[in-house]
Amino acid sequence: MVFRTIATSAALLVGLAVVGAVAGPQWDPRPVTEHVVPATPDTRIGGVDPAAVASGEIGAVGDHEVRTEPVTIELDGATVGGLLRRPVQADGSLLTDRPGVVFVHGAGTGRAVEAFAGTADDLASAGIVTLVPDKRLDTYSLRDRDYVAMARDYDRSVELLRGVDGVDPSRVGLYGESEGAWIVPILQADDPSIAFTVLASAPVVPPREQAAYAVDNYLRHTGVPDQVFRAIPRAVGMQFPGGGFGYADFDVRPWLVRQTAPVLVVYGTADASMPLEQGARLILADTAAGPGDAPVTVRYYEGADHGLRVRDGAAPDGADHYPLHPDVVRDLAAWLQGQPGTADAAPQVAGATPEQLYLAAPVPQPRWWGNGDVVVAAVLGGAGLVVLALVSWGTVAVLRRVRRLARPRPHGAAHDFAPGVGGALVVLGVGSVATTGALAVYLLLVARLAFDYQRNDLIVQGGWVTVRVLGVVTAVAAAVLLQRVADVRSTRRPAGAVGVARGVPAHVVLWCVVAGSTSLLLTLAYWGVYQLGI
């Protein structure tokens, strides 16, 4: 009996491993072989005219007081607010003929009173007029985003800034951070009069590729087992549940080719979510391939994260309050005010040496589980069948026991299932649901660790072992159930003896648990719980 159980369990585990291997793509990112080598660790901007600095035409951070005032920006079908910051002379008058910058938000919500506050204020104190608009949210959601339409909205902010007193309308440009770096090139390509663009923490590659790259990087930093990486293409590459997410494959590079204005590219070397070297290389290559002249300057800041902040110690009020890298705004102010001399001045690439281990690349598409609706249906449907069947069976069993206590039967109670079948059925059903729940909890805990840049071997390694042990126990229960069913069917039973199950309700419970558990086991195999190096 023990040998049969071991053999059947082994066969089931191998079968689930094979199903998991062939049901979806593997994950095998290509390593970076050509690395970006900065010319110098000093990020200072070249080409700054000393005479312009001496005359005050090119200011430094802190040179001026800043006047901040709210503005209203009219869009097509909506109105948003914004904050305008202007440099003020010692006598209280506004500076004139100053360059201006419109800030373009990254992902998520963006209120002008919170977003870019430090950067916009520091640039204004150096002599640059800054405008941070509120982010339009009525056409922006997790499921639906239109970067071309968003570019048209931000163009209204550009128009407003060009008409502000003290601004030189021929020297207005854009600062786009993260997701905003997909929008800024569209704006400049459609409006060549935009004087310059700053791409901060720019993904460059399509969102789906960037997401897969970021997840891979986060998981490596967190130290997850190798088996977990298989989930990356299966989660990121599938069609997301409920549809939408068309922007996941948006490609900004056709607009990069059309750039004509100078581009400043800035990254922090501690940014695990962006392809630091690949992004800069693509921008350099694409802007050089176009018909216009778009000189590119690249800077890498040591230890700065995705928001160009340095996480040195604990931030008193959360991650957004970590200080900006001290050299970022200094270099921005010099590059913006020093145009055109700073646009193509050496060194083109400078700063700390970035490290990108693997390339961001097109994500393999899943096959059988490629539709997220199917994945959700398999999990919810399977778990629902199991839970409903077991709860119903347990309720009926309790009611029967109550009736027996009230009216004892002389010949004992009738059983719903043959000996050994009921117990194996319960372990199979409970185990499949528990393993699925444990996997979900494990992935959520790992995600939280990854996004917080933390490691915890007890959760990462111990949690994965727990999930896999639960999976093995469930597979063994399935093997025992198969054996008991086979034994009952092959044994000649005396008259009146119960078969595998007695009556319609018991058969319904049996098939619901088997069907639901099978759905969950196949799903667990797909997400890598039963990997055996296949």
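Reader: Which residues are linked with Lys135 in a network of salt bridges?

Author: In this predicted model, the structure holds 17 salt bridges. Some of these contacts join into a network, and the residues that share it with Lys135 are Arg145 and Glu179.

Reader: Which residue forms a salt bridge with Asp138, and is that partner buried or exposed?

Author: The closest N and O atoms of the bridge between Asp138 and Arg136 are 2.7 Å apart. Asp138 itself counts as exposed, because its relative accessibility is 55% and the cut-off for that class is over 50%. Arg136 has a relative accessibility of 13%, and since buried means under 20%, the partner of Asp138 is classed as buried.

Reader: How is the salt bridge between Arg311 and Asp305 placed with respect to accessibility, and which class does Asp305 fall into?

Author: The two side chains meet at 2.9 Å, N to O. Arg311 has a relative accessible area of 38% and is therefore partly exposed, whereas Asp305, with a relative accessible area of 6%, is buried.

Reader: What is the relative accessible area of Asp331, which meets Arg330 in a salt bridge?

Author: The side chains of Asp331 and Arg330 come together at 2.9 Å, N to O. On the arginine side, Arg330 counts as partly exposed at 25% relative accessibility. Asp331 is buried, and its relative accessible area is 2%.

Reader: How many aromatic pairs does the structure hold, and what is the angle between the planes of Phe103 and Tyr175?

Author: The structure holds 13 aromatic pairs. One of them is formed by Phe103 and Tyr175, with 4.9 Å centre to centre, and it counts as tilted. The pair links distant parts of the chain, with Phe103 in strand β3 (residues 98-104) and Tyr175 in strand β5 (residues 167-177), 72 residues apart. Both Phe103 and Tyr175 are buried, and the angle between their planes is 40 degrees.

Reader: Why does the pair of Tyr267 and Tyr300 count as stacked, and which strands does the pair link?

Author: The ring centres of Tyr267 and Tyr300 are 5.9 Å apart and their planes differ by 15 degrees, so the pair counts as stacked, the cut-off being under 30 degrees. Tyr267 is buried with a relative accessible area of 0%, and Tyr300 is likewise buried at 0%. The two residues are 33 residues apart and belong to strand β7 (residues 263-268) and strand β8 (residues 296-301).

Reader: Which aromatic ring has the charged end of Arg220 over it, and which lies under Arg234?

Author: The charged end of Arg220 is placed 4.7 Å from the centre of the ring of Phe229. Arg234 lies over a ring face as well, at 4.8 Å from the ring centre, and that ring belongs to Tyr526.

Reader: What accessible area do the residues of the nonpolar surface patch with Leu532 have together?

Author: Leu532 lies in the segment after α14 (503-526). With a relative accessible area of 52%, Leu532 is exposed, because the cut-off is over 50%. Its partners in the patch are Val14, Val18, Val22 and Trp368, and the accessible area of the patch is about 470 Å².

Reader: What radius of gyration does the protein chain have, beside that of a compact globule of 534 residues?

Author: The C-alpha atoms fill a box of roughly 110 × 50 × 45 Å along the principal axes, and 50% of the residues count as buried. A compact globule of 534 residues would have a radius of gyration near 24 Å, but the protein chain has 31 Å.

Technical notes: Residues numbered from 1 in each chain as written. Predicted model: local features only at pLDDT ≥ 70, side-chain atom pairs only at ≥ 80, totals over all residues. Heavy atoms only, no water. Phe/Tyr/Trp six-rings, centres within 6.5 Å; stacked < 30°, edge-to-face > 60°. Helix = DSSP H or I, 4+ residues; strand = E, 2+ residues; numbered from the N terminus. Buried < 20%, exposed > 50% of the residue type's maximum accessible area, 1.4 Å probe, protein only. Lys NZ or Arg CZ within 6 Å of the ring centre and 35° of its normal. Patch = residues over 30% accessible without salt bridge, like charges linked within 9 Å, V, L, I, M, F, W, Y side chains within 5 Å. Areas by Shrake-Rupley, 256 points an atom, 1.4 Å probe, with all protein chains shown as cover. Salt bridge = Lys/Arg side-chain N within 4 Å of Asp/Glu carboxyl O. Rg over C-alpha atoms; globule rule 2.2 N^0.38 Å.
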